[in-house]
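Thanks for passing this one along. Here are my notes, set out as numbered points that you can check as you turn the model.

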Amino acid sequence: MAKLKRMQHIATGLLILMAVIFAISFALQARYPWLQFVRAASEGGMVGAIADWFAVTAIFRHPLGVKIPHTAIIPNRKDELGASLGDFVEENFLSETVIRARLQSFSVAKRLGPWLASPERARRVTAEASVASLGVLAMLSDDSVQQAIEATARTQLLDPQWGPTLGRFGEQLFAAGHHQIALDLVLDRADEWMAAHPLAFSGVVSKGLPTWVPSIVDRLVDDRVYREARRFVAEVRTDPDHPLRALLDDYLTELAGKLQDDGETIDKVEALKSRMFDDPQVSELAARVWDIVKGTLLVALGDENSNLRSRIQGLVIDLGTRLTDDEGLAGKIDAWVADGAAYLVRNYRHDIASIITDTVKRWDPQETTDKIEALVGKDLQFIRINGTIVGSLAGMAIYILATAFLGG
């Protein structure tokens with residue numbers, strides 16, 4: 001504003017100077033005829049200065065407070081100017097052709113890649129993303145998230161029938177023989193447990209014998225049972241064709257088929273599922289899941305040295321490196337960016353441009369005038385200065401031509 005005032009004073013000072021020169025030259029031109037040229041120049045300068053002062057002033061306010069038509073253009077037509085500016089930006093800047101041409105003139109991925117590959121910048125990106133994520137977590141309603149988790153669990157896990165899915169999965173698992181691996185693990189643990197607990201079979205059979213049977217017979221029976229149990233486990237472990245394995249194969253294959261086709265078996269699985277996940281339990285499970293996830297994220301995102309933030313930073317650096325070195329990936333990213341920007345412009349350019357129109361409408365007319373005048377008024381004062389100079393030269397030129405051709 002101070003620069004504007006200074007330029008206004010200079011322009012007004014030139015007008016006053018022209019008026020003073022005109023008054024002196026007009027008074028003395030009879031005595032000094034050459035002053036007629038000076039008078040003509042100063043007269044033209046005054047006309048030019050006054051005309052341009054009127055023109056510049058009329059843009060922002062009524063000259064001398066007189067409400068002359070087509071003056072105070074900005075405060076009176078603020079809304080129209082805002083709408084015109086919005087339309088101009090929409091048509092000439094928010095154009096799909098313009099946006100695509102601009103994006104095709106340089107590679108977004110090639111510029112973004114080296115920037116992200118820098119560890120320092122990757123750390124900044126991770127920090128900003130962590131702060132944003134913490135803000136989102138703080139704004140989220142725990143009840144709403146829990147309800148969403150519960151709804152998702154019901155839709156994706158509980159509502160579909162489990163029987164057919166388990167049957168298909170089991171059928172593939174059993175066909176590949178993976179259940180035999182599980183059986184081997186069970187047998188190994190059983191043999192280890194029996195070897196470590198030989199007395200566990202004491203009384204298993206002998207306690208059912210008559211009381212008159214000697215105790216030595218009891219021990220012999222228990223020992224025999226223990227040895228037979230270990231021998232049976234060893235046989236099943238070492239013999240891939242043992243009848244128990246075949247029996248297990250047949251049973252599991254039949255079960256997998258029933259889980260897919262037998263309505264009674266499917267209903268039993270559904271009943272078991274319902275007992276396992278009744279309404280209160282599902283709600284409690286959703287609450288526990290969210291509490292665990294939220295607590296973990298809050299701690300990990302808040303700690304700049306956490307494993308999560310380190311991993312995110314590593315992913316950012318890796319992405320930057322790939323964008324720099326992988327031409328194919330860079331091309332895909334550039335295409336996605338161009339398509340995304342074109343989509344936004346194509347569908348929302350009017351809404352984007354309306355921000356300008358709506359913003360200008362909300363401005364106070366006088367405040368708008370002051371802002372624009374402070375921004376461009378200093379340059380407009382050069383119009384007044386130039387008008388004074390050009391008017392002086394034109395006035396002198398007209399006087400010279402008139403004198404030369406018309407006499408005087």
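The points below go through a pocket, some salt bridges, two helices and a pair of backbone angles.

1. A word on the model itself. This is a predicted model, so please read each value below as computed from predicted coordinates.

2. The largest pocket. Its volume is about 200 Å³. Of the 14 residues in the lining, Leu-4, Lys-5, Gln-8, Arg-61 and Glu-373 are the closest to the centre. At least two lining residues come from each of helix 1 (2–28), helix 2 (35–60) and helix 17 (365–406). By character, the lining of the largest pocket splits into five nonpolar, four polar and five charged residues.

3. A salt bridge at the pocket. Two of the residues closest to the pocket centre, Arg-61 and Glu-373, also pair through their side chains in a salt bridge, with 2.7 Å from N to O. This contact links distant parts of the chain: Arg-61 sits in the loop between helix 2 and helix 3 (73–76), while Glu-373 belongs to helix 17, 312 residues apart. Are the two partners buried or exposed? Arg-61 is partly exposed, at 33% relative accessible area, whereas Glu-373 is buried, at 9%.

4. Salt bridges within a helix. The whole structure holds 23 salt bridges, and two of them deserve a look for their spacing along a helix. In one, Arg-231 pairs with Glu-228, and the closest N and O atoms are 2.5 Å apart. These two residues are three apart in helix 11 (residues 215–238), so about one helical turn separates them. Arg-231 is partly exposed at 41% relative accessibility, and Glu-228 is partly exposed as well, with a relative accessible area of 28%.

5. A second pair, and a network. Lys-258 forms a salt bridge with Glu-254, with the closest N and O atoms 3.5 Å apart. Here the partners are four residues apart in helix 12 (residues 243–261), which again means a separation of about one helical turn. Lys-258 is partly exposed with a relative accessible area of 35%, and Glu-254 is partly exposed with 45%. Elsewhere, Glu-96, Arg-100, Asp-339 and Arg-346 are joined into one network by salt bridges that share partners.

6. Helix 7 and its two sides. Helix 7 (residues 119–139) has 21 residues and reaches 30 Å from its first C-alpha to its last, close to the 30 Å expected at 1.5 Å a residue. Which residues of helix 7 are buried? They are Ala-122, Thr-126, Ser-130 and Leu-137. These four lie on the same side of helix 7, because they cover an arc of only 75 degrees around the axis. The other side of helix 7 carries the exposed residues Glu-128, Val-131, Ala-138 and Met-139.

7. Helix 10, read in a similar way. The 19 residues of helix 10 should span 27 Å at 1.5 Å a residue, and the end C-alpha atoms are 28 Å apart, which agrees. His-179, Gln-180, Leu-183, Leu-187, Asp-191 and Met-194 are buried in this helix. Viewed down the axis, the buried residues of helix 10 fall within an arc of 110 degrees, so they line one face. Turned away from that buried side are the exposed residues Ile-181, Arg-189 and Ala-196.

8. One distance to check. Ala-182 lies in helix 10 (residues 178–196) and counts as partly exposed, at 42% relative accessibility. From C-alpha to C-alpha, Ala-182 and Ala-127 are 46 Å apart in space, with their positions 55 residues apart in sequence.

9. Two positive phi values. Most residues other than glycine have a negative phi, so the next two merit a glance at the backbone. Leu-64 has a phi near 55 degrees, and Ala-72 has a phi near 50 degrees. Leu-64 is in the loop between helix 2 and helix 3, and Ala-72 is found in that loop too. Where they part ways is accessibility: Leu-64 is exposed at 76%, while Ala-72 is buried, with a relative accessible area of 3%.

Notes. Residues numbered from 1 in each chain as written. Predicted model: local features only at pLDDT ≥ 70, side-chain atom pairs only at ≥ 80, totals over all residues. Heavy atoms only, no water. 1 Å grid on protein atoms, 1.4 Å probe; cavity = no way out; pocket = protein on both sides within 12 Å on 5 of 7 lines; lining within 4 Å. Points joined across faces, edges and corners; volume = space filled by probe spheres on them. Nonpolar A, V, L, I, M, F, W, Y, C, P; charged D, E, K, R; others polar. Expected span 1.5 Å × (residues − 1). Buried < 20%, exposed > 50% of the residue type's maximum accessible area, 1.4 Å probe, protein only. Arc of directions from axis to C-beta. Salt bridge = Lys/Arg side-chain N within 4 Å of Asp/Glu carboxyl O.
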